[in-house]
Amino acid sequence: MQRREHYLDELARIRGEINRLFESALMSAAPDAGGEGPLGVWMPAVDVASEEGGYRVFVELPGVDSDAIRCTVVGRRIEVAGERKVPSAEQASFRRMESRYGPFRRSVELDRELDPESLETRFERGVLELSVRAESNRS
């Protein structure tokens, strides 16, 4: 049984290394990384839904304090940035750390100009929900 556990641990380690390599390559090439580099920025998952007159954006931010989040709208782009702090482990040290901590930044460019004044946010159970109206088409 111990040999099988060692085998599974080794597979998990290899999978983690492969994931880190892909993330590193994507982060260094991604314009959303903001030039921070692969070691300093993590990119939370984002879902975007179109709705009549605008968009709804969902950003997964478990463990992030709402006070640590900044949202901006410029042109066709929505940007969410902030930081997830490492939880304190009083009189203990982490033996394994798979979660991402530190600064994050995600930006999404949409197909229509956005009205920055219409931005509404709601943060519940680790998911940030942004609602923003698209500007009316000008002739």
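## A tour from helix 1 to strand 7

Start by selecting L8, which is partly exposed at a relative accessible area of 42%. You will find L8 in helix 1, the stretch covering residues 2–29. Add Y7 and L11 to the selection: with L8 they make up a nonpolar patch on the surface, and together the three have about 300 Å² of accessible area. Keep in mind as you look around that this is a predicted model.

**The whole chain**

Now zoom out and colour by secondary structure. The chain has one helix and seven strands, and read from the N terminus the order is α-β-β-β-β-β-β-β. Of its 139 residues, 27% count as buried. The accessible surface comes to about 10,400 Å², and carbon and sulfur atoms contribute 47% of that. If you like contact maps, take the contacts with a separation of 6 or more: 54% of them are between residues 24 or more positions apart.

**I69 and its surroundings**

Next, select I69, in strand 3 (residues 69–74). Is I69 buried or exposed? I69 is buried, because its relative accessible area is 14% and the cut-off for buried is under 20%. Show what surrounds I69: beyond its neighbours within four places in sequence, I69 is in contact with L61, V64, V80, A81, F104, F123 and L128. Pick F123 from that list and draw a C-alpha to C-alpha distance; I69 and F123 are 9.8 Å apart in space and 54 residues apart in sequence.

**Salt bridges**

Switch on the charged side chains. How many salt bridges does the count come to? The count comes to 10. A good one to select is R76 with E109, whose side chains meet at 3.1 Å, N to O. This pair links distant parts of the chain, with R76 in the loop between strand 3 and strand 4 (77–84) and E109 in strand 5 (residues 102–109), 33 residues apart. R76 is partly exposed at 34% relative accessibility, and E109 is partly exposed as well, at 45%.

Move on to R105 and E79, another salt bridge, at 3.1 Å from N to O. R105 belongs to strand 5 and E79 to strand 4, so this bridge ties together parts that are 26 residues apart in sequence. R105 is partly exposed at 25%, and E79 is partly exposed at 21%.

Then select E129 and R122, which meet in a salt bridge of 3.2 Å, N to O. Here E129 counts as buried at 13% relative accessibility, whereas R122 is partly exposed at 48%. Widen the selection to E51, R56, R122, E124 and E129 to see a network of salt bridges.

**Rings and charges**

Select R84 and Y101 together. The charged end of R84 sits over the ring of Y101, 5.3 Å from the ring centre. You can skip a search for aromatic pairs, as the structure holds zero of them.

**Two last stops**

Go to S50, in strand 1 (residues 46–51). S50 is exposed, with a relative accessible area of 64%. Its C-alpha atom is 10.0 Å from that of S131, with the two positions 81 residues apart along the chain.

Finish at R125, in the loop between strand 6 (120–124) and strand 7 (127–133). Which backbone angle should you check at R125? Look at phi: R125 is not a glycine, yet its phi is positive, about 50°. R125 is also exposed, with a relative accessible area of 80%.

Methods: Residues numbered from 1 in each chain as written. Predicted model: local features only at pLDDT ≥ 70, side-chain atom pairs only at ≥ 80, totals over all residues. Heavy atoms only, no water. Phe/Tyr/Trp six-rings, centres within 6.5 Å; stacked < 30°, edge-to-face > 60°. Lys NZ or Arg CZ within 6 Å of the ring centre and 35° of its normal. Helix = DSSP H or I, 4+ residues; strand = E, 2+ residues; numbered from the N terminus. Buried < 20%, exposed > 50% of the residue type's maximum accessible area, 1.4 Å probe, protein only. Contact = heavy atoms within 4.5 Å. Areas by Shrake-Rupley, 256 points an atom, 1.4 Å probe, with all protein chains shown as cover. Patch = residues over 30% accessible without salt bridge, like charges linked within 9 Å, V, L, I, M, F, W, Y side chains within 5 Å. Salt bridge = Lys/Arg side-chain N within 4 Å of Asp/Glu carboxyl O.
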